[in-house]
Amino acid sequence: MPGISGLRAWWAERSPAAGSAVMATGILSIGLGLTGAGTLSRAAFALAWVTWVALAAAFVLRLVAEPRQWMAEAESPGALTSVAATTVLGTRTSAAGARTTAEALLALAALLCPVLLLLVVRRWGPRMPGSVFLCCVATQGLAVLAADLAAAERAAWLAHTALVVFWLGLVLYGVALTRFDTRQVLQGAGDHWVAGGALGISALAGARLLMAGDTGLYLWNADDRDVLRTVTVILLVLDVAWYAVLVAAEAVRPRRGYHVLRWATVFPMGMTAVAVLSVASAVGVTWLTWPGRLLLWVAVAAWLVVAAGALLAARGAGGGTGVRSTGRR
């Protein structure tokens, strides 16, 4: 059947960055859960799981059947979406109360992260796209999930480990920033938004570490907590600043048409909303809740637009006609 063969061809061409779809859907599920939209949150959670399983199966099959192709993809920055997607899904799974499953996802991500990170970093060059910041996103995703599980299980050692990973993530962000091609702000196909989203997940990690310290565990003294609080707030401010710059750039230089990297736009938008909501709770600044809710629904609208584009792309592939995509892969 030509339609099915076309759809298979479309799926086979999905880049490693397709994991951003799981990240985007998972973070919206987390945000919707924080704002009380339980039904929508559970629906997004289920969709994130289905997509993650499909991509994980493709990841394993490619490793077994086409190891050379797998290695080539593993060396691209987009490969780190597999780690980030696993941690985002694990964080939502932990919130659902399935801690054993969340622990398994944390273990899987912790095993994958150093391997893929080494493969990716050694291929870095000058003037990299926004996906270069996925090194920070993947690392901070581990910190967020570890901090959540530390708070739930009252495991001080896990919280201390998460804190170390948090600082490592900030170092990686600084290194990635030196490699980022700033022209991508006006020219990128969608993953340029990760420059801001990486700060958002860093702020979220800081907020979850602060919350872990409020569970009765003695994790750090007052001075250490003040430093963590200050850094977390600064990260959120920088994330919101990036958000404003990126929105302005989209207005000045619209990039029309669907591209798989647009999922890497939705994720930072959702991440900024969740970071605002979480930092508001962690530092007791309640007025931030309303901007956080507004940003969340903007991200939901963006998700719907990109999802519609993805469906049209799949339909076009199945029917033998392509859907125009912009930017570069």
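# Exercises on a predicted helical model

Leu 210 is buried, its relative accessible area being 0%. The model in which this residue is examined is a predicted one. The exercises below treat single residues, salt bridges, a surface patch and helix pairs.

## Exercise 1. Two buried residues

Determine where Leu 210 is found and how far it lies from Gly 130.

Solution. Step 1: Leu 210 is found in helix α10. Step 2: its relative accessible area is 0%, and because buried means under 20%, Leu 210 counts as buried. Step 3: along the sequence, Leu 210 and Gly 130 are 80 residues apart, while their C-alpha atoms are 29 Å apart in space.

Carry out the corresponding analysis for Phe 166 and Ser 278.

Solution. Step 1: Phe 166 is found in helix α8. Step 2: with a relative accessible area of 0%, Phe 166 is buried. Step 3: Phe 166 and Ser 278 are separated by 112 residues in sequence and by 16 Å in space, C-alpha to C-alpha.

## Exercise 2. A salt bridge between two loops

State how many salt bridges the structure holds, and then describe the one between Arg 123 and Glu 75.

Solution. Step 1: the structure holds seven salt bridges. Step 2: in the bridge between Arg 123 and Glu 75, the closest N and O atoms are 3.3 Å apart. Because the cut-off is 4 Å, a separation of 3.3 Å qualifies. Step 3: this pair links distant parts of the chain, 48 residues apart, with Arg 123 in the loop between α6 (99-121) and α7 (134-153) and Glu 75 in the loop between α4 (67-74) and α5 (81-95). Step 4: Arg 123 counts as exposed at 52% relative accessibility, whereas Glu 75 is buried at 14%. Step 5: Glu 75 and Arg 123 also belong to a network of salt bridges, in which they are linked with Arg 122.

## Exercise 3. Two further salt bridges

Describe the salt bridge of Arg 183 with Asp 181 and that of Asp 214 with Arg 225.

Solution. Step 1: the side chains of Arg 183 and Asp 181 meet at 3.0 Å, N to O. Step 2: Arg 183 is partly exposed, with a relative accessible area of 41%, and Asp 181 is buried, with 7%. Step 3: for Asp 214 and Arg 225, the distance from N to O is 3.2 Å. Step 4: these two residues connect distant parts of the chain, 11 residues apart: Asp 214 stands in the loop between α10 (194-213) and α11 (222-252), and Arg 225 in helix α11. Step 5: Arg 225 is partly exposed, at 23% relative accessibility.

## Exercise 4. A nonpolar surface patch

Identify the residues of the nonpolar patch on the surface and give their accessible area together.

Solution. Step 1: the patch is formed by Val 60, Leu 63 and Val 64. Step 2: together they have about 270 Å² of accessible area. Step 3: one of them, Val 60, is found in helix α3 (residues 38-65). Step 4: Val 60 is partly exposed, its relative accessible area being 46%.

## Exercise 5. Positive phi angles

Describe the phi angle and the setting of Arg 127, then those of Arg 154.

Solution. Step 1: Arg 127 has a positive phi of about 55°, although it is not a glycine. Step 2: Arg 127 is found in the loop between α6 and α7 and is exposed, with a relative accessible area of 57%. Step 3: Arg 154 has a positive phi near 55°, and this residue too is other than glycine. Step 4: Arg 154 is found in the loop between α7 and α8 (156-179) and is partly exposed, with a relative accessible area of 47%.

## Exercise 6. Two helix pairs

Classify the relative direction of α2 and α12, and that of α10 and α11.

Solution. Step 1: the axes of helix α2 (residues 19-34) and helix α12 (residues 263-283) come within 8 Å and cross at roughly 25°. Step 2: because angles under 35 degrees count as roughly parallel, α2 is roughly parallel to α12. Step 3: the crossing of α2 and α12 is left-handed. Step 4: α10 and α11 pack at an angle of about 155°, their axes being 8 Å apart. Step 5: angles over 145 degrees count as roughly antiparallel, and therefore α10 and α11 are roughly antiparallel to each other. Step 6: α10 passes α11 in a left-handed crossing.

Notes: Residues numbered from 1 in each chain as written. Predicted model: local features only at pLDDT ≥ 70, side-chain atom pairs only at ≥ 80, totals over all residues. Heavy atoms only, no water. Helix = DSSP H or I, 4+ residues; strand = E, 2+ residues; numbered from the N terminus. Buried < 20%, exposed > 50% of the residue type's maximum accessible area, 1.4 Å probe, protein only. Patch = residues over 30% accessible without salt bridge, like charges linked within 9 Å, V, L, I, M, F, W, Y side chains within 5 Å. Areas by Shrake-Rupley, 256 points an atom, 1.4 Å probe, with all protein chains shown as cover. Axes fitted to C-alpha atoms, helices over the stretch in contact; angles between N-to-C directions. Parallel < 35°, antiparallel > 145°, perpendicular 65-115°, else oblique. Left-handed = near helix turned anticlockwise from the far one by under 90°.
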